[in-house]
Amino acid sequence: MNTLLDWLAHCERLHPKTIDMTLARVERVRDRLGLRFDAPVVTVAGTNGKGSTCAMLESIALQAGYRVGLYIKPHFLDFEERCRVGGAPVSAESLLPHFEAVEAARDGLALTYFEFTTLAILRRLASEPLDLVILEVGLGGRLDAVNAIDPDVSVITSIDLDHMEYLGPDRESIGREKAGILRSGRAAVCADPVPPDSIAEQARLRGADLRQAGRDFSFEGDRQQWRWQGRSKRYAGLAYPALRGANQLLNAAGVLAAFEALADRLPISAQAVRSGLALVELPGRFQVLPGQPAVVLDVAHNPHAVATLAQNLDQMGFAPRTHAVFGAMGDKALDEVLGRIAPSIDEWHFCDLPTPRAASAADLAARFERLRPGLKCPQAVRVFQHATPWLAYEAARAQSEPADRIVVFGSFFTVGGVMAGWRAGSSVARTSVV
């Protein structure tokens, strides 16, 4: 295996399941690798807001002059997007020795794709002289491969219903799984303003120092600026985060609570906070591209995230018509997803995705038609089916007027498929700024 693509193909063949919830295999290989971090580690779990939280943590720490390593997932175009050092993705070539080391250390032990690649990225980050390590949990928390590393601060973002076949049927069960990243004697932050009781219960049982939104830290603001207050620190006159969306202040408040917990080891100035929030970037999270028609990219794919997307669309201002490009996994709560955003959509372009887990465009269209009588959707809404996200986007663009908007949302495969079309250099791509 001479390239990163070779190694990724190898990882896909090792285990009969794509998801196998246990930490035992990862911990065994971790110990064989001698994997550890000297820098403080922040682990981020939750249903929605993990990526935004990680991006703001990274941006503020970089503005403070620290060398930061970040593991974030999944990727849109290139696998290397998952591993960032100093604010930029690492090279594919630099990952190869770490895939080789994991292969040698596993010694025949079957690892899933996610477990193998997580260990390789962790080892790549551990090879750097870092001041801060930020790790995004993939699914859940307690049994996620990332939880093989002990965090100094655990951050839990919003909790909602997703991956219920693995995490449980309700918010209490899901919160309990997410709280598996908490550690005894270490700080924990919960940014969900109405958290399930199971998070506080797990913090007590595990002996973690829980900082809860609304109790240990709070924020408020007006149209121009906002302020934050924690246990011992406060910030005033803050500009809103560069990431768009009504939910980003919840994420930013949790980020500041995490830095307050790390203040003895990683002091952060008010200017670093201001600059970091102003400069933070994260593709695909209510990302509005300039030009006509306006294009919105959002990886919202569960009811809570899609409800936030619908709220953000309402706050954008008037558009004569909104065209949706949508593809998602078949195991999502698709009826509720469609119901939450249907009032905002005038035209649907459903698309197939290149994974067997995905609902087909035909399945999505049939589901929408079944739900249509009970949906509060515009009259005469039209529905189309397409073989790829890019074909769906091209069709939506062809049918759009300059004042319209196109919303590309759902799976990372959906948003990534449109991004890949732009990168391929089509005539449409050259008229858009990504």
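At what angle do helix H1 and helix H5 pack, and how far apart are their axes? Keep in mind as you look that this is a predicted model.

**First stop: H1 and H5.** Select residues 4-13 for H1 and residues 113-126 for H5. The two helices pack at an angle of about 140 degrees, and their axes sit 8 Å apart. Angles over 145 degrees would count as roughly antiparallel, so this pair is classed as oblique. Now show side chains: on H1, pick Trp7, Leu8, Cys11 and Glu12, and on H5, pick Tyr113, Phe116 and Thr117, since these residues make the contact. Colour them by class and you'll get five nonpolar, one polar and one charged.

**Next stop: H10.** Jump to residues 270-279. Which residues of this helix are buried? They are Ala272, Val273, Ser275, Gly276 and Leu277. To see what they pack against, bring up helix H3 (50-63) and helix H9 (248-261), then add strand E10 (226-229) and strand E11 (234-238).

**Last stop: H11 and H12.** Select residues 303-316 for H11 and residues 334-341 for H12. Here the packing angle is about 10 degrees, with the axes 8 Å apart. The two helices are therefore roughly parallel to each other. Turn on side chains once more: H11 brings Pro303, His304, Val306, Ala307, Leu309, Ala310 and Leu313. Across from them, H12 offers Glu336, Val337, Arg340 and Ile341. By class, this contact has eight nonpolar residues, one polar and two charged.

Definitions and conventions: Residues numbered from 1 in each chain as written. Predicted model: local features only at pLDDT ≥ 70, side-chain atom pairs only at ≥ 80, totals over all residues. Heavy atoms only, no water. Axes fitted to C-alpha atoms, helices over the stretch in contact; angles between N-to-C directions. Helix = DSSP H or I, 4+ residues; strand = E, 2+ residues; numbered from the N terminus. Parallel < 35°, antiparallel > 145°, perpendicular 65-115°, else oblique. Contact = heavy atoms within 4.5 Å. Nonpolar A, V, L, I, M, F, W, Y, C, P; charged D, E, K, R; others polar. Buried < 20%, exposed > 50% of the residue type's maximum accessible area, 1.4 Å probe, protein only.
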